Each structure stands twice: as structure tokens, then as C-alpha cells.
Amino acid sequence: MGELRSEKMLAKYLARLAVIAGEPDCKLCALPIIESFTHWNIVPNEYPYDLIASVHHMVLPKRHCTAEELTDEELSELYQIKRGYINEHYDFINENVTHTSSIPAHHHLHLIVVRDQVGRED
């Protein structure tokens with residue numbers, strides 16, 4: 001699969017990844033909350049897939065955990081959020097596999113609204 005970020009955004013993202021590796025705190029936990037549910041938050045992505053997305057948010061559990069550690073209650077609520085809120089506000093959900101995730105210790109899904117003209121620079 002090709003790169004989803006522009007060269008400028010990719011450079012910014014890679015520079016940030018180099019710093020994140022040495023930091024003890026989870027950067028996802030510190031992002032501002034756009035929408036909150038019982039077990040989940042929707043937050044902005046600071047390094048969006050700007051080649052394809054006009055909006056790029058993430059949904060993540062309030063509890064810092066991996067996908068394998070999610071409880072049945074958390075999974076059930078995520079399913080409801082997908083069927084309702086996410087279905088009404090986004091075009092796609094993207095879940096990276098563990099080895100491509102920059103923060104695998106905190107499960108998250110990418111929420112995308114597709115750009116009108118893919119590849120157009122704003």
C-alpha cells in the first residue's frame with residue numbers, strides 16, 4: 001500500500017516517532033477529546049492521512065490497553081459507536097496491524113472522511 005501522508009506530513013510524523021520512542025507517556029491519552037462515550041474517546045490525529053482525508057480522527061479506549069485486552073463491555077460499546085456515531089460522521093474506519101502501529105500499546109482505530117479530490121494539496 002502506498003503512503004497516505006504527503007511528504008511534508010510524513011516527515012513531521014517520522015520526526016515525532018523518533019521522539020515518542022523515548023517518552024514514557026502515551027501521546028494518544030493526551031490528545032483533546034472531540035467526542036466522549038462511556039469507554040471510548042474520539043480524538044484528532046495530529047499527523048493525518050492528508051493525501052486522502054479531509055478529516056482524520058481516531059477512536060480509542062479511555063483505558064490504556066491493547067486490542068487483546070479490551071473487555072466485552074468495551075467491545076460491545078465500540079460496536080454501538082461504529083453503528084451509530086461513526087457511521088453517521090465518517091467514510092472509513094482503518095485499523096492498522098500491530099507491527100505498523102506507532103503506538104501499539106494503546107489500541108486505536110483511524111476514522112476518515114475522504115477528500116473530494118484525492119491527492120490535492122490545500
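**Salt bridge and nonpolar cores**

In this predicted model, the side chains of R63 and E74 meet in a salt bridge, at 2.8 Å from N to O (a salt bridge being a side-chain nitrogen of Lys or Arg within 4 Å of a carboxyl oxygen of Asp or Glu). R63 lies in the loop between β3 (53–61) and α2 (72–89), whereas E74 lies in helix α2, so the pair ties together parts that are eleven residues apart in sequence; helices (H or I, at least four residues) and strands (E, at least two) are DSSP runs, numbered from the N terminus. R63 is partly exposed, with a relative accessible area of 35%, while E74 is buried, with a relative accessible area of 4% (buried means under 20%, exposed over 50% and partly exposed in between, with a 1.4 Å probe and protein chains only). The structure holds one salt bridge.

The largest nonpolar core (buried Ala, Val, Leu, Ile, Met, Phe, Trp, Tyr and Cys residues joined through side-chain atoms within 4.5 Å) has 14 residues, and those with the most contacts inside it are W40, I42, V59, Y85, I86 and Y90. Two or more residues of this core are given by each of β2 (40–44), α2 and β5 (109–114), and the largest share, four residues, comes from α2. Leaving aside neighbours within four places in sequence, I42 is in contact (heavy atoms within 4.5 Å) with residues including P32, F37, V59, Y85, Y90 and L111. A second, separate core of seven residues includes C26, L28, L31 and V43.

Residues are numbered from 1 along each chain as its sequence is written, and side-chain values use heavy atoms, with hydrogens and water left out. Local features need pLDDT of at least 70 and side-chain atom pairs count only at pLDDT 80 or more, whereas totals for chains, interfaces and linings use all residues.
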